[in-house]
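User: I would like to learn how to read a model like this one, feature by feature. Could you walk me through it?

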Amino acid sequence: MNAAVKSESDTKTMCCASCGIAGGGDIILKKCDDCDLVKYCSIKCQKEHGPKHKEECKKRAAELYDELLFQQPESTHYGDCPICCLPLSIDPKKSGLYSCCSKQICRGCNYANTKRELEGKLQEKCPFCRKAMPETDEEFNKQLMKRVGANDPFAMCQMGTERYKAGDYNAAFEYWTKAAALGDVEAHFNLSILYRDGQGVEKDEERALHHSIEAAIAGHPNARYNLACVEEEYGRVDRAVKHYIIAAKLGHDKSLESVKNLYKAGFVSKDDFAAALRGHQAAIDATKSPQREEAAELAKRLCAKGRVI
């Protein structure tokens, strides 16, 4: 930015864009609601200057929106295992929910806890809060409902999933709506599916898109992938590529495959493809640990014998 442009920008943010009065003392300038380009000393000035600022504001608001939308999340919405503090895998089979404390525990920590209990002939307890494990589905749901009663968004989301599996889409919608309002990312993604498919609610592409965006910004790789598919379907391949690359760097296999196909088609540069490959591998490697590898090997052996853990 050259000196002249910078000076003009500073003037816009230091003085009212409508009347020109400088901020300071009793004069408090308020930013435009949609952009960060101008400030106003009063609502009256904001309304008077609105028609002149409309186009510039709209353009800048779109830029700010894209900056937020296409920012690479530090991690997926799953976050870290609360015991080993390593990132949780996006593969749901590699972690489990504990209804007593609503914690998602990685399979490695679960394996280590189970091994310790077996060797010491101890009672089976939650690896995190150490409460006794529920012995029946009824006990599991009772614990989960207790967490729901405490306004635990994770428990609400899980209960919504249970109702969805049972075919009660209306109840699932209610639970997921409450969970999303409390900030649960998975609930936002699930609501996007309900609105997209019209399950329990009327089909609404706009609301489906809203919830997909909320989930994607928070690090949900499947939501990000769905956004990419929509952009590609409408011919906005450049935006689709950005979404695919972001999801690939979160360890999402299908997104990496899409980046690979678009690279072959000439829509992705060699550098971007290489960055996506490195980011994907880094995300996968970050979820590995000796305990998790041991648990995976045990799962393979049991699966070969027709058993699962």
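User: Let's begin with a single residue. Which residues does Asn110 touch, not counting residues up to four places away in sequence?

Analyst: Happy to start there, and please keep in mind that this is a predicted model. When reading contacts, it helps to set sequence neighbours aside. On that basis, Asn110 touches Tyr98, Ile105 and Pro127. Asn110 itself sits in helix H3, which covers residues 107-119.

User: Is Asn110 buried, exposed or partly exposed?

Analyst: The idea is to compare the relative accessible area with two cut-offs: under 20% is buried, over 50% is exposed, and partly exposed lies in between. Asn110 has a relative accessible area of 28%, so Asn110 is partly exposed.

User: How far apart are Asn110 and Leu256 in sequence and in space?

Analyst: Sequence separation and spatial distance are two separate readings. For Asn110 and Leu256, the separation is 146 residues along the sequence, and the C-alpha atoms are 30 Å apart.

User: Let's try Thr76 in the same way. Where does Thr76 lie, and what is Thr76 in contact with beyond its neighbours within four places in sequence?

Analyst: Thr76 belongs to the loop that runs between helix H2 (43-69) and strand E3 (95-98). Leaving those neighbours aside, Thr76 is in contact with Leu88, Ile90, Ala218, Gly219, Pro221 and Leu250. Its relative accessible area is 10%, so Thr76 counts as buried.

User: Now for the backbone. What is notable about the phi of Arg130?

Analyst: Here one looks at the sign of phi and at the residue type together. Arg130 is not a glycine, although its phi is positive at about 65 degrees. You will find Arg130 in the loop between H3 and helix H4 (137-149). Its relative accessibility is 39%, so Arg130 is partly exposed.

User: And what is the phi of Asn151?

Analyst: Asn151 has a positive phi too, of about 60 degrees, and is not a glycine. Asn151 is placed in the loop between H4 and helix H5 (153-165). With a relative accessible area of 51%, Asn151 is exposed.

User: That loop brings us to helix pairs. How do the axes of H4 and H5 cross?

Analyst: For a helix pair, read the axis distance, the angle, the handedness and then the contact residues. The axes of H4 and H5 come within 8 Å and cross at roughly 130 degrees. This angle makes H4 oblique to H5, since over 145 degrees is needed for roughly antiparallel. The crossing of H4 and H5 is left-handed. On the H4 side, the contact is made by Asn141, Leu144, Met145, Arg147 and Val148, and on the H5 side by Ala155, Met156, Gln158 and Met159. Sorted by class, the contact of H4 with H5 has six nonpolar, two polar and one charged residues.

User: At what angle do helix H7 and helix H8 pack?

Analyst: H7 (residues 185-197) and H8 (residues 205-217) pack at about 155 degrees, and their axes are 8 Å apart. H7 and H8 are therefore roughly antiparallel to each other, and their crossing is left-handed. H7 contributes Val185, His188, Phe189, Leu191, Ser192, Tyr195 and Arg196 to the contact, while H8 contributes Arg207, Ala208, His211, Ser212, Glu214 and Ala215. The residues of this contact comprise six nonpolar, four polar and three charged.

User: Which residues of H9 meet which residues of H10?

Analyst: Geometry comes before the list. Helix H9 (residues 221-233) and helix H10 (residues 237-248) have axes that come within 8 Å and cross at roughly 165 degrees, so H9 and H10 are roughly antiparallel. H9 passes H10 in a left-handed crossing. In H9, Pro221, Arg224, Tyr225, Leu227, Ala228, Cys229, Glu231 and Glu232 meet Val237, Arg239, Ala240, His243, Tyr244, Ile246 and Ala247 in H10. The classes here are 10 nonpolar, one polar and four charged residues. Pro221 of H9 also appears among the contacts of Thr76.

User: Finally, how many helices and strands does the chain have?

Analyst: The chain comes to 13 helices and four strands. Its radius of gyration is 25 Å, well over the 19 Å that the globule rule gives for 309 residues, so the chain is more spread out than a compact globule. Along the principal axes, the C-alpha atoms fill a box of roughly 80 × 50 × 40 Å. Buried residues make up 37% of the 309 residues. Of the contacts between residues at least 6 apart in sequence, 49% join residues at least 24 apart.

Definitions and conventions. Residues numbered from 1 in each chain as written. Predicted model: local features only at pLDDT ≥ 70, side-chain atom pairs only at ≥ 80, totals over all residues. Heavy atoms only, no water. Axes fitted to C-alpha atoms, helices over the stretch in contact; angles between N-to-C directions. Helix = DSSP H or I, 4+ residues; strand = E, 2+ residues; numbered from the N terminus. Parallel < 35°, antiparallel > 145°, perpendicular 65-115°, else oblique. Left-handed = near helix turned anticlockwise from the far one by under 90°. Contact = heavy atoms within 4.5 Å. Nonpolar A, V, L, I, M, F, W, Y, C, P; charged D, E, K, R; others polar. Rg over C-alpha atoms; globule rule 2.2 N^0.38 Å. Buried < 20%, exposed > 50% of the residue type's maximum accessible area, 1.4 Å probe, protein only.
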